[in-house]
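Welcome, and thanks for opening your viewer. Have the chain loaded and a selection tool at hand, and we can walk through it stop by stop.

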Amino acid sequence: MKTSIALSVLILALGSAWGLHDRQLLAAALQTHAKLTAEAAQLGISIDSKNSANSVHLTKRSERGERENKDAEARLAAKEFVAFAKEMEAIEKKGGPPDDATQKRVMAFLDRIMSLDSSQLKILIAEVHATPDLKDKTRQGLIGFSIMMMASDHPQAALAMFTESSDLFKDNGMGKHVVSTSLAKWAKDDPMGALEWVRKNGEKFPDLVTDDAKRGLVSGAAANDPALAFKLIGELGLKDTANVIADIFRAAKTDEDRTATLAALRSHVGTMQDAKAAGKLRNSGLEQLGANLSSDNYDSAQKWLAGAKLSPEELGAFADGIQSDGGNNGQWIEWLGKSLPADQSDGKIKNIVSNWTQNDYQAAGAWLNTTPAGPAKNIAIRSYAETVSRYEPEAAVPWAVTLPPGKDRDETLRGIYVRWPKKDDASKAAAEAFKTTHGIK
């Protein structure tokens, strides 16, 4: 199970004893994730890079590993789990947040519960469910956490247990996490099985089988069968197609995946009767593809693009997705200038340069110093000067005057004057001197 999910859900489960709202708990879980991960290392829990980037490798084992009776071990874990939850309820009555020692004990419980397999977690859930003297919110948290533990490796079993305990999740945000995570994991290996569960339970749990949960199912299916993922959009009645298509393309991690997903997109769009809807769906996919590739290695991206043979319409949509934070901004700006007509490339270049300048104006300026002259560079200079002029107009002026005389240069100089910060007499005087020097009306 992923460390971040485990920590967040554990905090959500045991944090219910302090009476916090689910949303607050999730936010707190994310904010304290780094601290708790460090504490986890002290407890012997570390990241095992050999298995996966986020899988948890437990290097510290307690006496539970020596027990041969798994059922007895699970019941003992349940007993201790419940006892700890009651202790949390007692802390709530006293008031105040948990201390460092308590947080470390939470991590120790994470170690313990994560060692249980699917059958043992079922026993633990049954034991917690049968415990009479627990607050409802505490019971919801404990059972929800236990089911969530199953969702990563045994999603089908997790959903089966969820349906048996669904009455505990009516007013608990954890139910959405259980359903969404389980469906996404299940769909990677058995999308039709996950789809059948939605068909049977969608109307029964409308607040939990949401569009977000269905999107997770589609994304999971896309990892192995993008053509099926596109078909599932209509099958599941999803309306927000732009985000769903983006999810499908995010699942394409390799060049082979991207090629297969693009082919599936083209095939699916070709079957659509509504030309406007088809174009919108196609553009959503190509934009996400542009975002993915512009964050990747530029040379490998260009190699893939050469084989993809994008149509002019596809190329334009792909260019709309190019991001300005991938580390290859200059190369993509030059590519835009060469690959698209000016009426399509100019606005895209301006947006990239503007964002790049806001994030790292020195890097953007260094690129301008070395890139060869041409229309793309002129557009970039205009965008750079207009962006920098909002907070350092003197740095924008030398660039603006390098533009060829004419309308573009005049508009850029006028824009610098308009944006020039006039916060005191000195800055106002500097702005007026600039205006006079360049004959700005």
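Start with the whole chain in view: buried residues account for 48% of its 441 residues. Keep in mind that this is a predicted model. Colour by secondary structure and you should find 23 helices and 2 strands. Switch on a surface next; the accessible area is about 22000 Å², and carbon and sulfur atoms contribute 50% of that. How much of the contact between residues at least 6 apart in sequence joins residues at least 24 apart? The share is 64%.

**Stop 1: helix α4 and helix α6**

Select Glu73, which sits in helix α4 (residues 70-94). Is Glu73 buried or exposed? Glu73 is buried, with a relative accessible area of 7%. Show side chains here and look for Gln120: the side chains of Glu73 and Gln120 are joined by a polar contact of 3.4 Å.

Now add Leu124, in helix α6 (residues 118-130). Draw a distance between the C-alpha atoms of Leu124 and Glu73 and you should get 9.5 Å, although these positions lie 51 residues apart along the chain. Leu124 counts as buried, at 0% relative accessibility. To see what surrounds Leu124, set aside neighbours within four places in sequence and select Ala74, Ala77, Ala78, Phe81, Ile113, Leu116 and Ser146, which are in contact with it.

**Stop 2: helices α7 and α8**

Next, select helix α7 (residues 136-153) together with helix α8 (residues 155-164); their axes come within 6 Å and cross at roughly 150°. Angles over 145 degrees count as roughly antiparallel, and α7 and α8 therefore fall into that class. On the α7 side, the contact is made by Ile147, Met150, Ala151, Ser152 and Asp153. On the α8 side, pick out Pro155, Ala157, Ala158, Met161 and Phe162.

**Stop 3: a loop residue, Leu238**

Move to the loop between α12 (226-235) and α13 (241-250), where you will find Leu238. Leu238 counts as buried, at 8% relative accessibility. What does Leu238 touch, not counting residues up to four places away in sequence? Select Asp211, Lys214, Arg215, Val218, Ile233 and Val244 to see these partners. You can also check the C-alpha distance from Leu238 to Asp212, which is 9.4 Å for two residues that are 26 apart in sequence.

**Stop 4: helices α14 and α15**

Now bring up α14 (255-270) and α15 (275-294). The axes of α14 and α15 come within 9 Å and cross at roughly 170°. That angle makes α14 roughly antiparallel to α15. Show the side chains of Arg258, Leu262, Leu265, His268 and Val269 in α14. Facing them in α15 are Ala278, Leu281, Arg282, Gly285, Leu286, Leu289 and Leu293.

**Stop 5: helix α16**

Keep that pair on screen and add helix α16 (residues 298-308), whose buried residues are Tyr298, Ala301, Trp304, Leu305 and Ala308. Look down the axis: these residues cover an arc of only 125°, which puts them on the same side of α16. An α-helix has 3.6 residues a turn, so residues three or four places apart point the same way. Which helices does the buried set of α16 pack against? They are α14, α15, α17 (312-320) and α18 (329-339). Turn to the other side of α16 and you will see the exposed residues Asp299, Lys303, Ala306 and Gly307.

Both ends of α16 deserve a look. At its start, a side-chain oxygen of Asn297 reaches to within 3.0 Å of the backbone nitrogen of Asp299. Just after α16 comes Lys309, in the loop between α16 and α17. Lys309 has a positive phi of about 50° although it is not a glycine. Lys309 counts as exposed, at 66% relative accessibility.

**Stop 6: Ser383 in helix α20**

For the last selection, choose Ser383 in helix α20 (residues 375-388). Ser383 is buried, with a relative accessible area of 2%. Add Lys350, Val353 and Ser354 to the view: Ser383 is in contact with these three, leaving aside neighbours within four places in sequence.

Key. Residues numbered from 1 in each chain as written. Predicted model: local features only at pLDDT ≥ 70, side-chain atom pairs only at ≥ 80, totals over all residues. Heavy atoms only, no water. Helix = DSSP H or I, 4+ residues; strand = E, 2+ residues; numbered from the N terminus. Buried < 20%, exposed > 50% of the residue type's maximum accessible area, 1.4 Å probe, protein only. Contact = heavy atoms within 4.5 Å. Areas by Shrake-Rupley, 256 points an atom, 1.4 Å probe, with all protein chains shown as cover. Arc of directions from axis to C-beta. Polar contact = N/O pair within 3.5 Å; in protein donor to acceptor, adjacent residues only side chain to side chain. Axes fitted to C-alpha atoms, helices over the stretch in contact; angles between N-to-C directions. Parallel < 35°, antiparallel > 145°, perpendicular 65-115°, else oblique.
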